[in-house]
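Me: I'm new to reading protein structures. Please pick one part of this one, take me through it slowly, and then follow the thread out to other parts.

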Amino acid sequence: MPQLQRDEAQTRARLIDVHRYEIALDLTHGEERFGSRTVIQFTAHADGDTFVEIEPAELHSVTLDGRPIDPAALDDNRLPLTGLTPGAHQLRVDATMRYSHTGEGMHRFTDPADGESYVYTQLFLDDIQRVFAAFDQPDLKAEFAVTVQAPEDWTVLANGIVEALGEGRWQAAPTPPISTYLVAVAAGPWHSIRTEHAGLPFGIHCRRSLAPHLDADAEEILDLTRRCFDRYHEIFEEPYPFDSYDQAFVPEFNAGAMENPGLVTFRDEYVYRSAVTDTERQTRGVTIAHEMAHMWFGDLVTLQWWDDIWLNESFAEYMGYQVLAEATRFTDTWTDFAVARKGWGYDADQRPSTHPVAPTPEDVPDTASALLNFDGISYAKGASALRQLVAWMGEKDFLTGINEHFARHRFGNATLADFLDSLARATDRDVHAWAARWLRTTGVDTLTPAVREAADGNWSVSVEPAGSADGTRPHRLTIGLYDHDRTTPGRLVPREPLSWDVPDTGTHRATGGRPALLLLNDQDLTYAKVRLDPVSWDTLLGALSGLPDPLTRAVAWNAARDMVRDGELAPTAYLDAARAHLPHETDLALVQGVLAFARTEIADRYLPPAERHLALTTLTALSRDILRRTEGPEHGSEAGLRLTAVRAFIDSATTPEGIQDWLDDGSVPGGPRLDPELRWRILGRLATLGATPLDELRAAIDAELARDPSAAGREGAARCRAALPDPAAKQAAWDALFTTDGDAVLSNYLFTATATGFWAPEQHDLLRPYVARYFTDVPALAAARGPALAAAAGRYAFPATVVEDDTRRLGEACLTDRDPVPALRRRLLDQLDDLRRALRVRAAAGGA
């Protein structure tokens with residue numbers, strides 16, 4: 001499919017203005033196709049030619065100002081509109097479209113739990129043309145009036161208030177001017193909970209089989225929604241710009257959520273079927289706050305072209321964490337950001353595929369390249385840069401600038417230059433210079449303390465920055481100073497911290513003995529890797545869990561993580577620190593983040609195979625320590641820690657003993673009882689280990705699927721079957737993954753489940769032949785199934801645990817010889833860079 005070029009979009013925007021779309025969708029044509037009729041009112045400013053985008057199964061008729069256009073004129077996804085004259089025009093397009101099973105366009109899903117079907121749109125970034133004809137670029141905003149014909153037992157949701165007209169017909173209120181990618185429709189026999197807040201209708205919706213689970217959490221979800229809504233109205237002068245606020249939890253959704261105005265769609269894993277930790281509930285809350293921020297950042301004021309995606313995502317990411325912390329019980333959101341999101345940005349920024357937070361328009365020449373930039377740079381690094389900007393210019397001036405931006409560009413489009421102009425009006429700081437260093441550069445700075453002790457007992461400290469090829473950035477940060485608590489061994493007590501500007505602050509000289517710990521970037525206000533001087537590192541090894549603040553501990557753990565990744569700290573030393581301190585850790589986000597890095601990166605990738613068993617044994621022992629600590633009714637408030645330890649114990653088990661008993665008993669001794677998620681997790685680990693006869697494992701998987709015939713159960717079964725250490729099982733999984741047409745083709749979620757079960761470090765001898773097959777087969781799969789599956793194939797199906805030079809060589813040859821599509825190429829570039837890093841870490845640690 002031809003990608004829209006930036007210069008084409010600019011030419012079209014100069015030629016036409018688009019005013020209104022009238023869209024009629026007919027969802028009663030069966031399971032494969034639906035009807036789509038579109039009327040577009042637009043104005044041409046001069047004589048000229050242009051095109052409209054559509055990807056139909058069948059294009060039935062097209063008229064421009066009543067004049068027929070031959071449907072055969074459609075060239076791939078482009079329908080030429082020639083001979084335009086200045087003035088008003090009307091385009092009518094009648095087509096039949098295909099449902100998607102990859103989470104793109106109009107996705108259709110049939111729930112295996114009850115046979116009910118649901119459809120919803122996901123039109124980002126350029127998938128509106130899979131649903132109806134459109135001038136598909138963000139700066140051609142228009143009103144959208146949508147009507148839908150649906151089965152009579154369905155409910156239809158859309159961007160505006162929807163009216164049921166009878167006999168399965170639904171009509172949505174016309175939207176204010178919005179961009180094409182923000183149009184949304186969701187239809188099916190939804191379970192809905194409706195209320196009202198601030199004079200607006202609010203609703204939450206899910207498929208019927210999840211109704212009891214949504215009901216159980218409805219008050220929490222709605223309370224968070226109301227609190228965030230009210231907080232945004234306290235800090236934003238522009239009121240919420242749409243007529244309603246619905247949140248639909250939809251199946252097989254590729255992202256966390258999508259900010260469609262008035263109808264936010266979320267992945268329905270956020271409707272929890274099984275027990276979750278409070279940190280996971282916080283993550284759902286952050287997503288709710290993030291998507292609501294988009295009603296202003298992205299929906300009210302929209303980027304002009306995709307080079308400014310950070311104006312959407314970085315702001316929503318920052319606001320999501322900040323507003324949830326300000327308005328709800330989840331007050332430690334920035335700790336979770338530090339441990340769960342910051343590393344995503346750091347990692348992305350050190351790969352060859354890194355890009356500036358705000359790339360130049362020339363760096364984003366088309367929609368395919370734009371889609372690649374929805375990554376740790378645009379989200380985590382951008383949000384970190386904004387947090388540093390607030391620390392640098394002050395929150396009051398920052399919010400003044402934001403409100404200026406909304407007022408100047410409401411229901412319009414804006415660029416980075418527009419935003420900086422708004423900020424500049426609110427502050428005497430040189431925001432343009434700040435943006436040049438922070439937003440137009442790549443790479444992550446590394447800050448190292450230089451501590452000197454004098455003979456008289458006084459000491460001094462300076463900070464040495466090291467940057468990327470683009471140089472270093474200015475940083476406003478705090479240096480935490482801590483001493484050993486003389487009354488409580490293992491505890492650290494803070495001194496008055498140092499406020500620091502890099503590079504402006506030179507050397508700080510202090511009297512008295514040096515502190516036991518100097519921690520750069522305490523409270524995590526800037527975006528930089530930090531190092532520790534030898535004395536401070538020794539202090540942390542003995543007292544990391546004794547730091548009084550979880551965000552401080554997160555900075556320390558991130559420093560250790562980065563040192564491992566850079567080959568400066570042995571992976572086993574990180575495991576030793578985790579073994580010593582996690583049993584005493586009280587912050588769930590930290591426990592989950594440290595365990596995830598230890599399990600998936602250190603045990604599976606950074607340690608040579610000969611040391612992996614010991615690493616897993618360390619992690620199971622650590623998990624047992626947490627389980628012992630959280631036993632008994634007096635520890636009920638630590639249920640999340642206990643659940644985290646149970647999951648880690650299962651994932652790190654080296655033998656079936658213990659976890660098989662849990663499965664047979666239906667419970668962990670002392671709790672919790674096994675819910676579907678834990679049962680599938682245990683079965684997956686048992687399948688990977690293969691210690692039980694394969695026939696018994698297959699029977700157990702079939703029995704569990706009969707017990708849990710839900711969509712999640714079907715995914716669990718696919719994951720378990722792909723994990724079996726059996727040549728026939730591996731071949732069957734491979735065939736399923738790489739089938740590209742027919743009834744056997746996997747949906748996006750079943751693809752991911754199968755791929756994640758397939759590769760296991762325990763099965764290298766069995767899997768090694770598939771490494772070469774992957775690089776041979778994956779380019780054709782990606783080309784046939786589109787960007788979403790291409791990205792999934794690069795992320796989940798890649799042989800990431802086969803950390804060998806042969807994997808690297810095969811991957812590099814694939815990039816050179818097989819010309820993978822952009823979405824796959826980007827994933828392969830990143831995976832191969834991570835593989836090279838893992839090889840370097842092993843070499844630095846003396847492993848093969």
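Reply: Let's begin with Asp524, which sits in the loop between β28 and β29. Keep in mind as you look around that this is a predicted model. What is special about the backbone at Asp524? Its phi is near 60°, so it is positive even though the residue isn't glycine. As a rule, most residues other than glycine have a negative phi. Is Asp524 buried or exposed? Its relative accessibility is 5%, and since buried means under 20%, Asp524 counts as buried.

Now step back along the chain to the strand before that loop. Strand β28 covers residues 517–520. Leu517 and Leu519 point one way from the strand, while Leu518 and Leu520 point the other way. Which of these four leucines are buried? All of them are.

What does β28 pair with? Its partner is β24 (residues 475–484), and the two run in the antiparallel sense over 4 bridges. Strands of a sheet pair through backbone hydrogen bonds, and they can do that either parallel or antiparallel. To find the pairing on screen, look for Gly480, which stands opposite Leu519 of β28.

Leu518 also takes us to another aspartate. Asp533 is in contact with Leu518, and also with Pro449, Val451 and Arg514, if you leave aside its neighbours within four places in sequence. Where is Asp533? You'll find it in the loop between β29 (529–530) and α11 (534–543). Asp533 has a relative accessible area of 6%, so it is buried.

What does the Asp533 side chain do there? It makes a polar contact with the side chain of Ser536, at 2.6 Å. A polar atom of that Asp533 side chain also lies 3.2 Å from the backbone nitrogen of Val535.

That's our close look. Now for some other places where the same kinds of questions help.

First, another backbone with a positive phi: Phe411, where phi is near 55° and the residue is again not glycine. Phe411 is in the loop between α8 and β21 (412–414).

Helix α8 (residues 395–409) is worth a stop too. Two packed helices are described by the angle between their axes and the distance between the axes. For α8 and α7 (residues 377–393), the axes come within 6 Å and cross at roughly 115°. Which residues meet there? From α7 they are Leu386, Leu389, Val390 and Met393, and from α8 they are Glu395, Asp397 and Phe398. Sorted by class, this contact has 5 nonpolar residues, no polar ones and 2 charged ones.

Next, look at α5 (residues 333–349) with α14 (residues 588–606). Their axes are 9 Å apart and the angle is about 5°. Because angles under 35 degrees count that way, α5 is roughly parallel to α14. Thr335, Asp336 and Val339 of α5 meet Ala589, Leu590 and Gly593 of α14. Here the classes come out as 3 nonpolar, 2 polar and 1 charged.

Helix α15 (residues 609–629) holds Thr618. With 18% relative accessibility, Thr618 falls under the 20% cut-off and so counts as buried. Not counting residues up to four places away in sequence, Thr618 touches Leu575 and Arg579.

Want a whole sheet? There is an open one with 5 strands, in the order β15-β16-β17-β19-β18, and its pairing is mixed. The edge strands are β15 (191–197) and β18 (257–258), each pairing on one side only. Helix α2 (residues 211–235) packs on this sheet, touching β15, β16 (200–206) and β17, and its direction makes about 25° with that of β15. Inside the sheet, β17 (residues 245–250) and β19 (residues 263–267) pair in the parallel sense over 5 bridges. One bridge partnership to look up there is Asp246 with Leu263 of β19.

Last, two peptide bonds. Most peptide bonds are trans, but the one from Phe124 to Leu125 is cis, with omega near 0°. Leu125 is in the loop between β9 (117–122) and β10 (143–149). A cis peptide bond also joins Gly671 and Pro672, with omega about 5°, and Pro672 lies in the loop between α17 (659–665) and α18 (676–689).

Methods: Residues numbered from 1 in each chain as written. Predicted model: local features only at pLDDT ≥ 70, side-chain atom pairs only at ≥ 80, totals over all residues. Heavy atoms only, no water. Buried < 20%, exposed > 50% of the residue type's maximum accessible area, 1.4 Å probe, protein only. Pairing = 2+ DSSP bridges. Polar contact = N/O pair within 3.5 Å; in protein donor to acceptor, adjacent residues only side chain to side chain. Contact = heavy atoms within 4.5 Å. Axes fitted to C-alpha atoms, helices over the stretch in contact; angles between N-to-C directions. Nonpolar A, V, L, I, M, F, W, Y, C, P; charged D, E, K, R; others polar. Parallel < 35°, antiparallel > 145°, perpendicular 65-115°, else oblique.
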